[in-house]
Amino acid sequence: MSLRQNPKAALLAVLEKLPGHDRIPKTLIKKLTSLSVLPSEASIAPLRLDLRGLWSLIGAWSAALLGVRIEQTRQATLAVGCLILAGIAVMLLLRKRHGVLGTQSTPLFAAPALMCAAAGLVLVHMLLSGATLLPNQLSSTLQKSDVARVQLVLEQTPQQGTVIDKFSEGAQEKISYRAQATLKMIKVGDTWVRLNVHVVLNYPQEKAPTVAPPLRDSTIEVLARFQATPVGQRNRFRLTAITPVRLIDEQKPASLDARLRSTFIRAAQVLPDPGRALLPGMVFGDRSGQSQELGDAMKASGLSHLSAVSGANCAMVLGVVTLLLRFAGVPRSATFICGLAALAGFVMLVGFEPSVLRAAVMGGIAAFAVHSSRGRNALSALCLAVVILLVADPYLAGEAAFQLSALATAGIVMIGRKLAVSLKRRLPEFLAEGIAIALAAQIACLPVLVSLSPTFSLYSVPANLLVAPLIPWITITGTAAVILLSLLPPLGMALLWAGGIPATWVGSMGMWVAALPGALRPWPVGVVGLALAWGIFIAVFFSLGYAPGREGTWHAKLPSGVQALTVGLLMGLTLPVTALFPMPRVDWLIVACDVGQGDGIVINTGDGRAIVIDTGREPQDIDACLQRLRVNEIAALFITHQHADHDGGIAGVGTKRRVAAIYYSILDAPASPPILQGHRGTQLAAGAHGETGNVSWRVIAPAGGDAMSDENDASLVTRFEIKIPGTERTISFLETGDMQEVPMGELLAHGKIQPADILKIAHHGARNGGTEIIGRVRPVVALISVGKSNTYGHPSPQIIRALENAQIPALRTDEHGSIVLGWEHDRLSISTLSTRQVKQ
């Protein structure tokens with residue numbers, strides 16, 4: 001019998017060989033064999049995790065992701081189906097228990113039982129709570145107009161951002177704010193109607209920049225324009241303020257936690273940079289004071305998670321409270337209750353962030369398990385916590401913060417513990433544990449991180465190791481300062497400085513690491529990148545000695561050295577292989593193709609796909625432009641109206657590339673709508689909207705019942721919002737087709753046309769397009785798609801003069817050829833295809 005196989009049996013065998021072993025008291029032998037210093041089988045043999053909870057997690061997560069994207073009828077059908085399947089699986093398990101089925105049937109039926117039961121639970125609660133329903137009052141109001149006066153409760157302090165006003169040298173930026181909020185009231189006629197809908201509000205800075213933005217939990221009133229978000233998002237609408245934001249409650253926050261946070265933020269202004277901006281984020285997740293530069297530096301250095309409250313903060317608060325109470329001699333039950341109360345208070349203080357909710361529920365489950373002497377299975381606690389939270393709030397499943405939080409915890413549990421044991425053989429304990437935790441969390445989160453932005457932080461592990469000793473101190477002193485600043489200000493300020501100085505050092509470290517060569521490395525995009533990320537996680541998991549099955553499987557037969565070498569090669573090759581992939585950058589956003597006397601606009605949606613608006617007259621012209629831009633697939637083709645200079649080249653769009661959808665407008669219903677590659681065109685009218693990749697769109701005109709006498713007036717007027725990949729910035733583009741002055745004037749009179757960054761001048765710059773729209777839209781650049789030496793006199797001198805008077809650059813395809821609006825060096829740029837090497 002070897003020590004590896006059975007440590008206790010091996011010790012008994014040694015004792016039996018001792019002279020006089022029969023006189024050794026049995027109680028002494030029992031104590032010797034129960035000593036904790038004996039290596040357990042779990043610490044020597046491959047560690048077997050209880051993965052049964054993962055089936056329920058998979059079921060709940062899948063149901064939450066799907067449920068928020070389908071209507072209630074389908075939710076009910078899916079819920080009933082899942083519960084029936086779960087019941088069948090449970091019955092089969094019971095039959096097995098009574099010997100009706102074979103012993104090998106347990107794993108076969110246990111997995112679907114857990115998965116279907118969790119999925120059914122999520123869907124049933126979703127139906128009963130009406131989590132995905134939109135109030136009828138709101139729907140009916142928005143059918144009449146997309147503008148309404150509303151009252152909102154801010155869920156966070158508005159975050160400051162910048163919008164670039166100009167494209168050329170000397171560009172200026174204007175400050176804007178963005179905040180998540182809850183729509184509480186909407187004005188219908190003269191009556192306020194109560195609602196409870198999550199939205200995102202964007203509004204510009206007021207003329208008096210000294211006025212601070214309203215704090216979280218403040219109630220504001222504003223006249224705003226509604227734009228629906230993609231299906232499945234928690235925030236159902238994007239609201240853009242039309243009038244200044246008006247604070248309608250007291251300046252001083254009413255709730256106690258809000259007062260504590262605001263007092264702390266004001267007091268932190270005495271700290272040096274970047275501590276004054278970073279400390280509120282590290283203590284209770286408030287990033288409103290962080291600059292774009294600091295935020296980017298923390299991301300590049302792999303330290304951005306420190307400025308958002310997570311499970312580590314909850315664990316430290318719960319641990320310190322428990323330790324102090326036990327040291328003071330407080331009974332175990334009282335300690336358990338006080339610990340949970342402290343955890344609940346901390347959650348209320350910092351807000352209900354996804355990572356905080358996950359950590360708080362998991363911490364409560366683990367604390368109960370310890371208190372009830374049922375042991376601690378971290379993975380089971382994590383799965384149970386995630387299932388509980390997804391039942392309560394299914395929208396969490398689609399939020400990156402929640403995904404990262406759950407994956408980081410799973411990585412530490414599944415990889416970190418075993419990795420720490422291996423590293424302790426060669427490194428000091430504190431260093432081994434720090435490396436194991438940082439590396440495990442980064443490996444586990446890699447699939448989500450690279451899907452959000454195809455990059456990874458090269459120095460994340462050493463950067464986290466350098467700041468790790470300071471984090472508990474910052475968290476504890478900072479949290480204590482939040483409370484004591486209102487009770488004992490001198491002591492609170494002392495604690496503020498005690499946590500602020502280390503926080504300043506953490507921020508300086510992040511900025512220094514971000515400036516190192518290659519701090520942010522590229523990663524393959526698409527399926528290849530995701531497969532590589534998941535491959536690393538799975539390979540590391542198995543290489544650490546976790547047994548996937550019974551002894552004798554292929555994995556158990558592989559020497560650990562071979563497994564470690566395989567993983568090492570995979571991870572070692574990752575860096576040089578990803579160097580072959582260029583850093584993701586936006587090379588072009590919008591291109592006005594030179595198609596002669598006609599329109600042909602292309603909008604980049606990423607990954608070789610694009611939206612095409614009109615095709616010009618000749619197929620070869622638009623085809624050549626798309627080939628030059630390396631567009632392989634058309635996400636959507638818009639035909640603004642059916643004149644030959646707008647739809648004559650439609651064949652050039654679809655001959656060499658797939659077309660996913662066709663949209664059009666026409667004066668009279670056609671006998672046969674446009675058809676391309678078997679796709680029958682869909683006629684659009686005002687209110688239609690959609691989203692493709694990083695581009696969302698909303699049709700402003702024509703309205704369904706408009707009386708029009710000219711095909712030009714039936715043109716689609718569409719607003720496109722283009723999200724710049726890797727940034728928080730959005731560029732707006734207003735496409736006007738050939739709509740003439742009279743119908744456009746009606747849109748302007750009814751407030752349908754709002755300012756935009758880029759304006760496509762209607763009707764190739766003809767005089768009958770009107771000039772009023774120029775003053776209303778106030779674009780920073782105007783595109784005029786027009787043929788060289790055309791016989792129509794386009795563009796008209798009146799249009800050009802109006803643009804010059806408004807100091808708006810007029811970019812004409814007859815003068816410059818195909819015009820490219822791109823994004824370089826954090827600003828918009830202008831070039832032409834003849835002078836630009838275009839990359840997708």
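# Briefing on a predicted 840-residue chain

Met316 is a good place to start: this residue is buried, with a relative accessible area of 16%, because the cut-off for buried is under 20%. Please keep in mind that the model is predicted. The chain has 840 residues, and buried ones make up 47% of them. Its secondary structure comprises 29 helices and 27 strands.

**Around Met316**

- Met316 belongs to helix H11, which covers residues 311-327.
- Setting aside neighbours within four places in sequence, Met316 touches Ile471, Pro472, Thr475 and Ile476.
- Leu343 is 27 residues from Met316 in sequence, and their C-alpha atoms are 9.9 Å apart in space.

**Nonpolar cores**

- The largest nonpolar core holds 48 residues, and Trp61, Val386, Leu390 and Ile415 have the most contacts inside it.
- Seven stretches of helix supply two or more residues each to this core: H4 (52-67), H5 (72-97), H6 (105-129), H14 (378-392), H15 (400-423), H16 (429-452) and H20 (526-543).
- Trp61 is in contact with Val386 and Leu390, and also with Ala397, Phe402, Gln403 and Ala406, once neighbours within four places in sequence are left aside.
- There is a second, separate core of 39 residues, with Ile265, Leu279, Ile471 and Leu496 among them.
- Ile471 of that second core is also one of the contacts of Met316.

**The setting of His646**

- His646 sits in helix H24, a short run given as residues 644-647.
- With a relative accessible area of 0%, His646 is buried.
- Its side chain and that of Asp738 are joined by a polar contact of 2.8 Å.
- Beyond four places in sequence, the contacts of His646 include the acidic residues Asp599, Asp614 and Asp738, along with His641 and His764.
- Thr615, Gly616, Ile639 and Thr640 are also in contact with His646.

**Strand S6 and its partners**

- Strand S6 (residues 237-241) has two faces: Phe237, Leu239 and Ala241 are on the covered one, while Arg238 and Thr240 are on the uncovered one.
- Strand S4 (residues 191-204) runs parallel to S6, and four bridges join the two.
- Within that region, Val200 has Arg238 of S6 as its bridge partner.
- Strand S5 (residues 219-228) pairs with S6 in the antiparallel sense, over five bridges.
- Opposite Thr240 of S6 stands Arg225.

**Whole-chain figures**

- The accessible surface comes to about 40,700 Å², and carbon and sulfur atoms account for 60% of it.
- Among contacts with a separation of 6 or more, 67% are between residues 24 or more positions apart.

**Where to read with care**

- The average pLDDT of the chain is 77, and 76% of the residues score at least 70.
- Residues 35-47 stay under 50 in pLDDT, and the model has 22 contacts for them beyond four places in sequence.
- Residues 547-558 are also below 50, with 13 contacts in the model beyond near neighbours in sequence.
- Where pLDDT is low, the predicted coordinates should not be read in detail.

Conventions
Residues are numbered from 1 along each chain as its sequence is written. This is a predicted model: local features need pLDDT of at least 70, side-chain atom pairs count only at pLDDT 80 or more; totals for chains, interfaces and linings use all residues. Side-chain values use heavy atoms; hydrogens and water are left out. A nonpolar core is a set of buried Ala, Val, Leu, Ile, Met, Phe, Trp, Tyr and Cys residues joined through side-chain atoms within 4.5 Å. Buried means under 20% relative accessible area, exposed over 50%, partly exposed in between (1.4 Å probe, protein chains only). Contact means heavy atoms within 4.5 Å. pLDDT is the predictor's confidence in each residue, from 0 to 100. A polar contact is a pair of N or O atoms within 3.5 Å; within protein, one must be able to donate a hydrogen and the other to accept it, and residues adjacent in sequence count only if both atoms are side-chain atoms. Two strands pair if DSSP finds at least two bridges between them. Accessible areas come from the Shrake-Rupley method with a 1.4 Å probe; for residues, only the protein chains shown count as cover.
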